[in-house]
Amino acid sequence: MNLLSIQNISKAYRLYVGPFKTKDFFALRDVSLQVKAGEILALVGESGSGKTTLGKLVLRLEKPTKGKILFDGVEISNFGKEYTRYVSVVFQDPASSLNPRMSVKETLEEPLIVHGYKGRGERILNVLLEAGLSEEYLHRKTYQLSGGQKQRVAIARATVLGPKLLVADEPTASLDASLRRGILELFLKLKLKGVSVLLITHDIRSVEYVADRVAVLYKGRLLELGTKEQVLKTPLHPYTKYLIQNIPAEHPSQRKTIQAFELETHTEEACPFYPLCEHRMEECRTELKEAFIDGRLVLCNIY
């Protein structure tokens with residue numbers, strides 16, 4: 001069952017390109033995907049691919065230029081304040097998303113007060129323990145915590161209202177490698193409780209550890225979507241192959257020569273990877289075909 005359905009979403013920003021001249025820049029173009037109940041779907045791609053923009057649209061922090069987003073079969077613009085009970089967020093940098101003047105207890109209690117939640121003390125303690133922190137942290141100020149502890153508090157705050165969907169935007173990017181595994185384990189525990197996670201990341205190893213399915217974005221276009229095993233082990237789109245081949249090595253002895261690309265900031269071709277693709281054809285300038293291969297989606301004219 002699909003909990004979240006993103007249907008033909010496009011997001012354009014108006015750019016000023018000269019005196020009295022503007023131009024639309026599409027951060028997302030005609031993106032469609034679904035997040036199932038109790039699933040971890042990873043959005044991967046380089047900086048500027050549109051991952052965070054898509055997350056903002058799901059959180060209603062931005063409005064789409066075209067298309068619609070359904071949550072439990074209802075367009076998200078039709079929800080009121082209750083939407084923040086169903087859909088919550090974990091930001092990249094917990095230091096900037098947590099108020100340093102507030103204690104951990106106050107941080108976790110705030111959303112409960114906003115929504116008139118009863119039995120707040122018990123709920124606060126439960127989510128804190130589930131996040132891997134003990135009761136003694138309740139009265140500490142958030143600035144007194146380490147980076148990993150802050151992110152655990154941020155996850156506890158995001159889950160204190162019992163959401164059905166969690167949007168996690170680069171949740172381990174600001175943490176040391178030794179702390180990332182523990183944070184990812186929390187997402188797996190949430191999955192076991194039936195919570196869906198939209199994981200926005202450029203860290204392929206995190207995807208490999210926790211994701212069920214993977215969606216690959218590049219310059220605002222969804223180029224490939226399939227199970228984790230399909231996308232990571234047998235990628236189809238040339239961009240996905242490039243992304244997988246150039247994962248940073250875990251150890252210096254495993255380093256390999258990185259294929260260098262002179263990246264363009266914008267392209268008018270139908271396929272955004274056209275200028276860099278060794279398989280490009282003339283038709284890739286004007287059209288981009290959808291293909292379904294072994295149950296997965298790939299937007300590429302070579303299939």
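In the predicted model, the count of disulfides comes to zero. Cys271 takes part in no disulfide, since the nearest cysteine sulfur, that of Cys284, is 5.9 Å away, whereas a disulfide requires two cysteine sulfur atoms within 2.5 Å. Cys271 is nevertheless buried, with a relative accessible area of 7%. Cys277 is likewise in no disulfide; for this residue the nearest cysteine sulfur belongs to Cys300 and is 6.1 Å away. With a relative accessibility of 9%, Cys277 also counts as buried, because the limit for a buried residue is under 20%.

Charged side chains are joined in several places, and the search of the whole structure finds 14 salt bridges. One of them brings together the side chains of Arg213 and Glu39, with 2.5 Å from N to O. This pair links distant parts of the chain: Arg213 lies in strand 9, while Glu39 lies in the loop between strand 2 (21-36) and strand 3 (40-44), and the two residues are 174 residues apart. Arg213 and Glu39 are both buried.

A further salt bridge is formed by Arg120 and Glu109, whose closest N and O atoms are 3.1 Å apart. Here Arg120 belongs to helix 5 and Glu109 to helix 4, with their positions eleven residues apart in the chain counted as their separation. The two partners differ in accessibility: Arg120 is partly exposed, at 30% relative accessibility, whereas Glu109 is buried, with a relative accessible area of 15%. Glu109 and Arg120 also belong, together with Lys105, to a network of salt bridges. In another pair, the side chains of Lys289 and Glu283 meet at 3.4 Å, N to O. Lys289 counts as partly exposed, at 39% relative accessibility, and Glu283 is partly exposed as well, with a relative accessible area of 27%.

The nonpolar side chains were examined next. In soluble globular proteins, nonpolar side chains tend to be buried together. In this model the largest nonpolar core has 54 residues, and those with the most contacts inside it are Leu33, Leu54, Val58 and Phe71. Strand 9 (residues 213-218) supplies the largest share of this core, namely five residues. The surroundings of Val58 illustrate how separate parts of the sequence are brought together: leaving aside residues up to four places away in sequence, Val58 touches Leu4, Ile6, Ile69, Ile76, Tyr83, Val87, Leu165, Val167 and Leu198. A second core, separate from this one, has 17 residues and includes Val104, Leu112, Leu145 and Val160.

Helix 6 (residues 147-159) contains 13 residues. From its first C-alpha to its last, helix 6 reaches 19 Å, close to the 18 Å expected at 1.5 Å a residue. The helix is mostly covered, as eleven of its 13 residues are buried. Among the buried residues are Gly148, Val153, Ala154, Ile155 and Ala156, but also Gln149, Lys150, Gln151 and Arg152. The buried residues of helix 6 pack against both strands and helices: strand 6 (87-90) and strand 7 (165-169), together with helix 3 (94-97), helix 4 (104-114), helix 5 (120-130) and helix 7 (177-192).

Strands of a sheet pair through backbone hydrogen bonds, either parallel or antiparallel. In this model, an open sheet of four strands has the order 2-1-4-5, with antiparallel pairing. Strand 2 and strand 5 are the edge strands, each pairing on one side only. Strand 1 is joined to strand 2 by twelve bridges, the two running antiparallel; within this pair, Gly18 stands opposite Lys21 of strand 2. Strand 1 (residues 2-18) also pairs with strand 4 (residues 66-71) in the antiparallel sense, over five bridges. In that pairing, Ile6 has Ile69 of strand 4 as its bridge partner. Both Ile6 and Ile69 are included in the contacts of Val58.

Strand 4 is in turn joined to strand 5 (residues 74-75) by two bridges, and these strands run antiparallel. The bridge partner of Phe71 in strand 5 is Val74. Strand 4 and strand 5 form a hairpin with two residues between the strands, and in this hairpin Asp72 takes a positive phi near 55 degrees. Phe71 is also one of the residues with the most contacts inside the largest nonpolar core.

Technical notes
Residues are numbered from 1 along each chain as its sequence is written. This is a predicted model: local features need pLDDT of at least 70, side-chain atom pairs count only at pLDDT 80 or more; totals for chains, interfaces and linings use all residues. Side-chain values use heavy atoms; hydrogens and water are left out. The expected span of a helix is 1.5 Å times one less than its number of residues. Buried means under 20% relative accessible area, exposed over 50%, partly exposed in between (1.4 Å probe, protein chains only). Contact means heavy atoms within 4.5 Å. A nonpolar core is a set of buried Ala, Val, Leu, Ile, Met, Phe, Trp, Tyr and Cys residues joined through side-chain atoms within 4.5 Å. A salt bridge is a side-chain nitrogen of Lys or Arg within 4 Å of a carboxyl oxygen of Asp or Glu. Two strands pair if DSSP finds at least two bridges between them.
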